[in-house]
Structure formats: structure tokens, C-alpha cells
Amino acid sequence: MRLLEPLVPDPRAPLARLHPMAKIVAALILMLALFITVDLLTSGVVVGALLVAARFSGLPPRSLMARAAPLLIGAASLGIFNAVLSQSPVSGAAIALRIIGVSLAGMLAVATIDPTDLADALVEHAHAPSRFVVGALAAFRLFPLFSREWDVLGLARRARGIEADRTYVDRLRAFPGRALGLLVAAIRRATRLALAMDARGFGAQPCRTLARPRALTLPDAVLVAGALVVAAGATSLSIALGTWRPLIAF
């Protein structure tokens, strides 16, 4: 449940200072470039560019690697499976790199965006419904509390002699009961939060304003342009060398 605790980047890092919408658009561009192809060269170039971007994200390298470990294991497993199935190690490596690239692009975009900044940006620039955005922001802010409540539930059940989750088997066996307790606590907390938000006027659409309006700047445009250059350059290089393999062949 430690995975529910958000990564906190250094706010002075170049990537962390950029506009949330620019980071989302840049990540989507790179994801699209990886989605339409399954060749090794395009995926390798995009993953290399993402590793360079991770250097400027302000995220602690160890924490980033710990969060990415399940994704890396899953990507490696799928790559090995496809390599055995197709009898082509290159195809397996391409698929594994493709999954790593898509996951890393999304992880960098999400981990370097402050949820409050993202909510403001969605309302200001994407014209998303403020009622839905504020509710989603409040729910996201509760994730760290769920992590702590999960630990408290385990300690309480252990003190009452209900479970003794010392081994992995015991933890798996105790998971349903503890998850049910967490679900009940989450519903109670969500009900109290909804009542408190309604009492403070969060449902009043006509009078809603933005406390932190933020315009798109030149560095934001540079980030999006950089993502376009990487995606187009990797695809063009792959086509020029004859290694480009589209996902759907016509």
C-alpha cells in the first residue's frame, strides 16, 4: 500500500516547473508514437529521450525505480512471452521497450504534476466541469490517508489476534478482510467529505472562480515541440532504415 503514497518531485526541477497541460500533451504525443509501431528502433529512441527527461524531473531516482519495478517486470515478462511465441528476440525486445516507454511517459507526466495545479489547468484550459474536477481532486488527496489507514487496520487486527501477517501467505490470506475494512472506512470518509464540500458551496457552479490562474508560456511550448521532434525523428529514422513496423498493416 506504500504505492498509494505519491512521489514528490523537487519543485525547482525544470520538468516539475512546467505547465500540467504541456506535460500531458507531450506524454500523449510520445505514447501515440509508441502505440502505432512495434519496432525496436522507435521504441529505443523514445525510451532514451524519456530517460533523459527523467534526469530533469526532480524525482528521487531510487523512488522512481521502486515504483517502476512492477512495470519493468511486467514488460520483461510480456517481452519474453512474445519472443518465445514469435521465435524472434527482436520482436520481444521491441514490445518490452514499447510498454516501458508508454509507462514511463505516463509516470513522468503524472508524478511531476501537482494535483491542485492539474485541477486548475483542466478547469481553465480544458473547460472541464469544475464539480467533477474538484471531486476528483478531493478523492486523489485521500490516497495517502488510505495507505496509513491500511497500516492502522493491520495493527488493530493483529492486536486483536485476528491475523498475524508475518509471511506473504498470511498477508494474502488477510487481504480480503482488511480490504473490506478499508472500503467501509473509505465510504464513511467520502460521505463526510461530500457533506462538508456541499456545506461550503463547492456545488455552486455560477460563483466558481480560479484562485491560481496560470497561462501557457514559452518553455511549455518548447516541451511540446521537443516531444513532437522526438516522436517524428524516431519514426522517420526507423522508416529510413527500413525497420519501422506499424501496429496495423494495410
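Trainee: Which helix holds Ser91, and what makes it a helix?
Mentor: Ser91 sits in α4, and helices here are DSSP runs of H or I with at least four residues, while strands are runs of E with at least two, numbered from the N terminus. This is a predicted model, where local features need pLDDT of at least 70 and side-chain atom pairs pLDDT 80 or more, though totals for chains, interfaces and linings use all residues. Numbering starts from 1 along each chain as its sequence is written, and side-chain values use heavy atoms, with hydrogens and water left out.

Trainee: Why is Ser91 called buried?
Mentor: Its relative accessible area is 16%, and buried means under 20% (exposed is over 50%, partly exposed is in between; 1.4 Å probe, protein chains only). So Ser91 counts as buried.

Trainee: What does Ser91 touch, outside its sequence neighbours?
Mentor: Skipping residues up to four places away, Ser91 touches Ser86 and Arg245. Contact means heavy atoms within 4.5 Å.

Trainee: And Arg141, why is that one "partly exposed"?
Mentor: Arg141 has 42% relative accessibility, so it lands in the middle class. Arg141 belongs to helix α6, residues 130–141. Beyond four places in sequence, Arg141 contacts Asp114, Pro115 and Thr116. Ile162 is 21 residues from Arg141 in sequence, with 30 Å between their C-alpha atoms.

Trainee: How do you know that Leu30 is buried?
Mentor: Same test: Leu30 comes out at 9%, so it's buried. Leu30 is part of α1, and apart from neighbours within four places it contacts Val46, Leu50, Ala227, Val230 and Ala231. Gly101 is 71 residues away from Leu30 in sequence, yet their C-alpha atoms are 8.2 Å apart.

Trainee: What makes a set of residues a nonpolar core?
Mentor: Its members are buried Ala, Val, Leu, Ile, Met, Phe, Trp, Tyr and Cys, joined through side-chain atoms within 4.5 Å. The largest one here has 22 residues, and Leu30, Val46, Leu50, Leu59, Leu64 and Leu108 have the most contacts inside it. Elements giving two or more residues to this core are α1, α2, α3 (61–86), α4 (89–111) and α9 (218–240). A second, separate core of 5 residues includes Leu142, Trp150, Leu182 and Ala186.

Trainee: How are α1 and α2 set against each other, and why?
Mentor: α1 (residues 20–35) and α2 (residues 40–55) pack at about 160°, axes 9 Å apart. That makes them roughly antiparallel, because angles over 145 degrees count that way (under 35 roughly parallel, 65 to 115 roughly perpendicular, the rest oblique). The axes are lines fitted to C-alpha atoms over the stretch in contact, and angles run from 0 to 180 degrees between N-to-C directions.

Trainee: Which residues meet there?
Mentor: From α1 come Leu30, Ala33 and Leu34; from α2, Thr42, Ser43, Val46 and Leu50. That gives 5 nonpolar, 2 polar and no charged residues, where Ala, Val, Leu, Ile, Met, Phe, Trp, Tyr, Cys and Pro are nonpolar, Asp, Glu, Lys and Arg charged, and the others, Gly among them, polar.

Trainee: Why are α7 and α8 called oblique?
Mentor: α7 (residues 143–159) and α8 (residues 168–199) cross at roughly 130°, with axes coming within 10 Å. That angle is in none of the named ranges, so the pair is oblique. Residues meeting across this pair include Trp150 and Leu153 in α7 and Leu182 and Ala186 in α8. By class, the contact has 9 nonpolar, 3 polar and 4 charged residues.
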